[in-house]
Amino acid sequence: MKCRNAEKWISTQIMSGLPAARAAELEMHLADCAECRKRAERMQRSAAALRDTFAGENSPDLKAAVLARIRPPAHPRLLWWWGPAVAGVAVAAMLAVAPWLLQPRTAMSDQEVLQAYSEDISALNTANVATVDWTTDDNSGLYGAIASLPAEL
Amino acid sequence: MPPLEADIRKRFREGDQDALREIVERYQNSIYRLGLRMLRCSEAAKDLAQDAFIHAYEKRHHYNHERPFEPWFYRVAMNLARGRLRRRKEFLAGEELPETATEPTADAEVVRQERRRLVQAALRQVGPKYREVLGLRFESELSLIEIGHALSISLGTVKSRLSRGLQAFHKAYAAVGGETYEMS
């Protein structure tokens with residue numbers, strides 16, 4: 001090993017360790033080279049100074065200050081079931097009204113239509129309509145009743 | 001420092017404030033010292049420590065509680081510290097030395113303060129990327145792998161930066177008279 005490589009190897013050995021073979025090589029070099037040995041000792045002292053400098057430096061207690069500044073989670077227990085619950089209610093409501101929505105609309109028979117017309121006309125106080133016999137197919141009375149309606153109707 | 005227990009990690013992830021309290025209790029000194037080493041000011045270090053805990057709590061959804069807490073947390077703290085260094089234009093010369101927390105009251109305290117002053121003066125000469133790894137190694141006692149995770153760098157880069165960081169500090173420490181001080 002050359003002395004110019006020693007500094008790098010010494011600092012690596014101090015900070016993170018060298019592979020065994022390289023550590024042994026460095027050890028042999030330091031045994032033979034007084035200059036590098038002194039260099040290694042000085043670097044060890046620097047590392048110790050660096051390590052120890054802030055060792056006794058404690059932080060003020062930050063717990064109260066930190067906890068005062070945080071925002072608590074927004075109802076974490078509520079959040080996990082709130083969405084599914086709303087979805088469930090919506091589905092139940094849809095199922096409840098589905099039969100009514102899907103029910104086929106029945107058309108009125110001719111008889112029912114005529115009956116409704118009759119009721120409407122009766123409401124208009126047309127006297128002749130009441131004489132129509134709705135139970136037969138003879139609708140001449142109806143036609144007569146319609147013909148007698150006031151023109152403005 | 002032993003790694004954070006799984007139960008606390010899980011509760012922290014769920015937003016439990018008691019878990020946060022335990023985390024602050026456990027890591028506040030370490031983060032504060034890291035801040036001192038990085039920012040070199042006790043007030044700035046205190047602010048950094050507070051903000052690191054709050055930021056971590058607000059970003060806890062990004063943390064996988066099945067993995068170790070320390071590398072993730074120190075990455076949050078280091079990113080905050082880097083941002084503050086950028087804003088302070090860290091690399092410009094002429095910054096004041098950090099204030100001392102207490103007045104020296106005895107010879108031993110005077111010696112300690114003087115040594116710390118020299119170390120800080122030397123650290124000022126060391127590049128931030130080296131200060132980061134030195135801080136994480138000495139203050140936070142992270143393993144080399146954890147430092148790599150915290151800084152998103154490879155294990156080889158961690159080793160290289162630690163080695164070069166020590167060399168740079170050693171030269172700077174000698175230049176400010178620290179080596180003479182150590183010999184005396």
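## Chain A: surface and overall build

The accessible surface of chain A comes to about 10900 Å², and 59% of that surface belongs to carbon and sulfur atoms. This value, like every other in the report, was computed from a predicted model. Chain A has 153 residues, of which 25% count as buried. Its secondary structure consists of seven helices and zero strands, so that the pattern read along the sequence is α-α-α-α-α-α-α. When contacts in chain A between residues at least 6 apart in sequence are considered, 41% of them join residues at least 24 apart.

## The start of chain A

A:Met1 belongs to the segment that comes before α1 (3–15) of chain A. With a relative accessible area of 31%, A:Met1 is partly exposed, because this value falls between the 20% under which a residue counts as buried and the 50% over which a residue counts as exposed.

Leaving aside residues up to four places away in sequence, A:Met1 touches A:Ala6, A:Trp9, A:Glu25, A:Leu26 and A:His29. One of these partners, A:His29, is 28 residues from A:Met1 along the chain, and the C-alpha atoms of the two residues are separated by 6.6 Å.

## A nonpolar patch on chain A

On the surface of chain A, the residues A:Val97, A:Trp100, A:Leu101 and A:Leu102 make a nonpolar patch of about 510 Å². One of its members, A:Trp100, lies in helix α5 (residues 76–102) of chain A. The relative accessible area of A:Trp100 is 64%, and A:Trp100 is therefore exposed, since the cut-off for that class is over 50%.

## Aromatic pairs in chain B

Over all chains, the count comes to 14 aromatic pairs. One of them joins B:Phe169 and B:Tyr173, whose ring centres are 5.2 Å apart and whose planes meet at 20 degrees, so this pair is stacked; the centres fall within the 6.5 Å required for a pair, and the angle is under the 30 degrees that marks stacking. Both residues are in helix α8 (residues 155–175) of chain B, and because B:Phe169 and B:Tyr173 are four residues apart there, about one helical turn separates them. B:Phe169 is buried, with a relative accessible area of 0%, and B:Tyr173 is also buried, its relative accessible area being 0%.

Elsewhere in chain B, ring pairs link B:Phe12, B:Tyr27, B:Phe53, B:Tyr57, B:Tyr63, B:Phe69, B:Trp72, B:Phe73 and B:Tyr74 into a cluster. One member of this cluster, B:Tyr57, also has a charged neighbour, for B:Arg60 lies over the face of B:Tyr57 at 4.3 Å from the ring centre.

## Salt bridges around B:Arg11

Side chains of opposite charge can pair when their charged atoms come close. In this model the count comes to 15 salt bridges over all chains. B:Arg11 takes part in a salt bridge with B:Asp7, in which the closest N and O atoms are 3.3 Å apart, and this distance satisfies the criterion because the nitrogen needs to be within 4 Å of the carboxyl oxygen. The two partners, B:Arg11 and B:Asp7, lie four residues apart in helix α1 (residues 6–13) of chain B, about one turn of the helix.

B:Arg11 also meets B:Asp16 in a salt bridge, with an N to O distance of 3.5 Å. B:Arg11 is buried, with a relative accessible area of 18%, whereas B:Asp7 is partly exposed at 47% and B:Asp16 is partly exposed at 26%. Together with B:Glu22, the residues B:Asp7, B:Arg11 and B:Asp16 are linked in a network of salt bridges.

## A salt bridge in helix α5 of chain B

A further salt bridge in chain B is formed by B:Glu114 and B:Arg117, with 3.1 Å between the closest N and O atoms. Because B:Glu114 and B:Arg117 are three residues apart in helix α5 (residues 107–123) of chain B, about one helical turn separates them. B:Glu114 is partly exposed, with a relative accessible area of 27%, and B:Arg117 is likewise partly exposed, with a relative accessible area of 36%.

Key. Residues are numbered from 1 along each chain as its sequence is written. Chains are lettered from A and ligands numbered from 1 in the order in which they are written. This is a predicted model: local features need pLDDT of at least 70, side-chain atom pairs count only at pLDDT 80 or more; totals for chains, interfaces and linings use all residues. Side-chain values use heavy atoms; hydrogens and water are left out. Rings of Phe, Tyr and Trp (its six-membered ring) pair if their centres lie within 6.5 Å; planes under 30 degrees apart count as stacked, over 60 as edge-to-face and the rest as tilted. Helices (H or I, at least four residues) and strands (E, at least two) are DSSP runs, numbered from the N terminus. Buried means under 20% relative accessible area, exposed over 50%, partly exposed in between (1.4 Å probe, protein chains only). A charge sits over a ring if NZ of Lys or CZ of Arg is within 6 Å of the ring centre and within 35 degrees of the ring normal. Patches are made of residues with over 30% relative accessible area and no salt bridge: like charges are joined within 9 Å, nonpolar side chains (Val, Leu, Ile, Met, Phe, Trp, Tyr) within 5 Å. Accessible areas come from the Shrake-Rupley method with a 1.4 Å probe; for residues, only the protein chains shown count as cover. A salt bridge is a side-chain nitrogen of Lys or Arg within 4 Å of a carboxyl oxygen of Asp or Glu. Contact means heavy atoms within 4.5 Å.
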